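Take a walk through one corner of this protein. Start with a single residue, then move out to the sheet beside it in the chain.

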Amino acid sequence: MAVLAVTVGVVPGAQAAPATTPAAAQAAVPSWVIPLYFDDMASGAHRACTGIVLSRTKTLATPDCVTGMDEADFTYVYDLTTGTISEGGNQTLYHSHPRYDASSRRAALTVTTRRTPSDSGKPALASASDAKLWASGAKAAFHSWAGLDVEDAPRVRHSEQVTVKSAAQCALLLGRFLPAGTLCTVPTPGAPAVADQDQCFGDAGGALVAGGKLIAVSATGATGCVRGGARLYTRIESYRQLIDEWTRDTDSDYRSTGSVLATETNDLVDVCSTLGDRTLAYCAPDSTGWFSGRGYASFLQAGDMNGDGFGDLLARTTDGTLYRVPSTEMEPADFKHRVKLGTGWNSYNQLVAVRDYSGDGRNDVVGRDKAGVLWLFRGTSDGKLAARTRISGGWNQYTALTGRGDLTGDGRTDLVARDKAGVLWMYAGATKRTYPVRTRISGGWNQFNAIVASGDMDHDGRQDILARTPAGAVYLYNADHKGGFKAPRKLASTSWKKYARIS
């Protein structure tokens, strides 16, 4: 990811802004609320929003701040002392809610993949037990990074006191019914007046805080303004599980939104992803590999298991010992600091890092034993795995099993399985933590010798499946969020034949 030191204007040729209060002396805004700015290099359009730090590599925002952006566009970083842009880099990566509706602002949430200040901290997220915090009449504080949409104008911290209104009152104020999972506020009577510019530029993605918790995110459009003082928000509680999963769905190379591990016959392991044009599968050049897998039988990208913001590997040795191998900003696998998770893991002929299957905000693993029983291993707060829990039996009918997060668009972790006849089945995640019903996707999948959930390799905000033929051709299947996949896209013709394993 290229990084440039820059001095840029928001709108070329505009008049300079008047002097503004230094950011350090402005309103008290939580350190995890940060300014965001994105540039579309092709059209010249810019978008200024507010972001909420979820981890050292993930920031919560609104979809239209980044929708359509790709590796050719720029994400800028602000100096939080002065509120001015200090540097920027290409490769704008994000994952938006699959059911986001731009007109109604339903599910207006996205997570961007970017490095954030190490001292920014992160918010406590509201859950269902906090409903009183957004009940009608409840008081809250709104925080954002506002500013003027003119050249070189610094962003400034903004806070205002607001009151939550009922759904009926919001409908009257906004002139339409509220979408599910939203709420609205108005300025608290007697609170200081809010300047017009503090309700437009940067309002999108601002944080609504009450009781010490983040309860909602401003759904104001990236190029829109608050009207009549009534601000619409996306409620955190309605999307809490998906936000938690997004936060921990981090690859070994944190700058990627999707990748797979490919092990060569000489035990070198490559981390493979797509290039900026989204059409080519890119792996480490010259067969040098990213790291050596000698002594290990298999690897999985397990996401951020210990909450440090960087992805972890699960590495199983040939004798059945399982380790968690952390990654760093510069290294995809730090074997010097591996953590032993247990022995006896050779009793499982299939392991899948499914992300948050249990719904507790931590990444989990499912394993199939030799009798065909599927087991759940819940992630723990210290980056390890709890004792197994039985899911169900009969899984030996499948020759391939994979899954990484939400493939159907319902916000719950799913599994995909291929039977012996080559039919691919979808097991949509269920709230009771079982996979009781399967849905047929399509047939003909016996043409592939590897089927792997790869995350979002084509950077369109949806999870993907990567499939390889014995000849080494690789196809990308993009989730359609209807229980299946879109038409495949060919990424490679023969170059992946050299890999002994893909995971």
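Glu329 sits in the loop that links strand 21 (322-326) to strand 22 (339-342). Strands here are DSSP runs of E with at least two residues, numbered from the N terminus. The model is predicted: local features need pLDDT of at least 70, side-chain atom pairs count only at pLDDT 80 or more, and totals for chains, interfaces and linings use all residues. Residues are numbered from 1 along each chain as its sequence is written, and side-chain values use heavy atoms, with hydrogens and water left out.

Is Glu329 buried or exposed? Glu329 counts as partly exposed because its relative accessibility is 36%. Buried means under 20% relative accessible area, exposed means over 50%, and partly exposed lies in between (1.4 Å probe, protein chains only).

Which residues does Glu329 touch? Beyond its neighbours within four places in sequence, Glu329 is in contact (heavy atoms within 4.5 Å) with Arg115, Tyr254 and Phe310. Look at Arg115. It lies 214 residues from Glu329 in sequence, yet their C-alpha atoms are 9.3 Å apart. Their side chains share a polar contact of 3.2 Å. A second polar contact, of 3.5 Å, joins the side chains of Glu329 and Tyr254. Such a contact is a pair of N or O atoms within 3.5 Å; within protein, one must be able to donate a hydrogen and the other to accept it, and residues adjacent in sequence count only if both atoms are side-chain atoms.

Now the sheet. Here 4 strands form an open, antiparallel sheet in the order 19-20-21-22. Strands pair if DSSP finds at least two bridges between them. Strand 19 (296-303) and strand 22 are the edges, each pairing on one side only.
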